[in-house]
Amino acid sequence: MFGIEVDPSDILEGLKSSRDFEGKEDTGEPTWSYQRQKDSLELFNMDILICDNVDAIFAKYRPGTFLPALCHIFMDTNAPLEVLESAARAITYFLDVHVDSTARKVVDVPGAVAAFCKALVLFPISDDTDPDTARMSRDVAEQSVKVLELLCRREAKSVFEAEGLQCLLTFVTSNGSNVHKDTLQCSLSVASMLVGRLKLDHPALPSCVASLTCFLEHKDSVVVDHALESLGSLTEMLSR
């Protein structure tokens with residue numbers, strides 16, 4: 001199938017439209033609508049879901065044009081959580097299909113990698129949070145983990161420099177019981193890709209060791225294996 005009939009220039013215009021002024025609250029603070037972005041993201045994600053021709057999608061939605069627009073949406077922390085999740089899902093598609101040609105395009109957007117890292121610690125997903133907010137925050141965080149995993153295949157240095165390791169370990173330490181098993185496994189897997197970049201004098205070394213040690217007695221053997229792998233890398237680094 002070749003997707004739906006939609007003009008990519010209209011989609012791009014909607015993605016870049018940012019927010020529309022709605023009015024003011026009683027406090028005088030302005031209120032904004034992200035409906036145009038939301039509609040464009042829904043159309044985009046529907047199109048790539050229906051279409052099974054990767055070449056057609058990449059020709060229609062050129063990564064060099066659409067990835068920066070999607071990254072800028074995700075970097076807007078005032079946007080509704082469903083908009084952030086939808087943007088992250090679209091970025092995941094590009095990276096998953098051809099990470100070799102798309103990862104650098106994400107990294108080249110100033111602040112984009114840091115935004116995915118910070119999303120892991122910025123939005124609350126604890127049990128005492130409003131259930132709908134917690135669910136959407138969890139979706140954003142889990143999608144962010146997927147993006148970071150894909151980026152690490154080609155651009156691990158950029159993820160590390162954006163404090164990706166610290167954010168991932170903070171995320172799983174604080175929310176390990178509130179996320180899906182595959183997200184926890186994926187997070188520890190990404191951490192194992194990054195931990196080897198730590199140096200003896202890195203200020204985050206003690207906290208990283210403490211966080212990884214907490215997972216040595218986890219009931220999931222995959223999680224334990226990733227923690228052991230990471231601690232093994234640190235032990236090797238310390239012994240040199």
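**Exercise 1.** Is Glu155 buried or exposed?

*Solution.* The model is predicted.
Step 1. Locate the residue: Glu155 lies in helix α8, which covers residues 131–161.
Step 2. Take its relative accessible area, which is 14%.
Step 3. Apply the cut-off: a residue counts as buried under 20%. Glu155 is therefore buried, because its relative accessible area is 14%.
Step 4. List its partners. Apart from neighbours within four places in sequence, Glu155 is in contact with Ala103, Arg104 and Val107.

**Exercise 2.** Determine which secondary-structure elements the protein has and in what order they run.

*Solution.* Step 1. Count the elements: there are twelve helices and two strands.
Step 2. Read the order from the N terminus: α-β-β-α-α-α-α-α-α-α-α-α-α-α.

**Exercise 3.** Assess the radius of gyration of the protein against that of a compact globule.

*Solution.* Step 1. For 240 residues, a compact globule would have a radius of gyration near 18 Å.
Step 2. The protein has 19 Å, which agrees with that expectation.
Step 3. Add the extents: the C-alpha trace spans about 55 × 50 × 30 Å along the principal axes.
Step 4. Consider the contacts between residues at least 6 apart in sequence; 71% of them join residues at least 24 apart.

**Exercise 4.** Describe the burial, surface and charges of the protein.

*Solution.* Step 1. Of the 240 residues, 49% are buried.
Step 2. The exposed area is about 12,100 Å², and carbon and sulfur atoms supply 50% of it.
Step 3. The protein carries 22 positive and 37 negative charges, and the mean positions of the two sets are 6 Å apart.

Technical notes. Residues are numbered from 1 along each chain as its sequence is written. This is a predicted model: local features need pLDDT of at least 70, side-chain atom pairs count only at pLDDT 80 or more; totals for chains, interfaces and linings use all residues. Side-chain values use heavy atoms; hydrogens and water are left out. Helices (H or I, at least four residues) and strands (E, at least two) are DSSP runs, numbered from the N terminus. Buried means under 20% relative accessible area, exposed over 50%, partly exposed in between (1.4 Å probe, protein chains only). Contact means heavy atoms within 4.5 Å. The radius of gyration is taken over C-alpha atoms; the globule rule is 2.2 Å times the number of residues to the power 0.38. Accessible areas come from the Shrake-Rupley method with a 1.4 Å probe; for residues, only the protein chains shown count as cover. Lys and Arg count as positive and Asp and Glu as negative; His and the chain ends are not counted. The place of a charge is taken as NZ of Lys, CZ of Arg, CG of Asp or CD of Glu.
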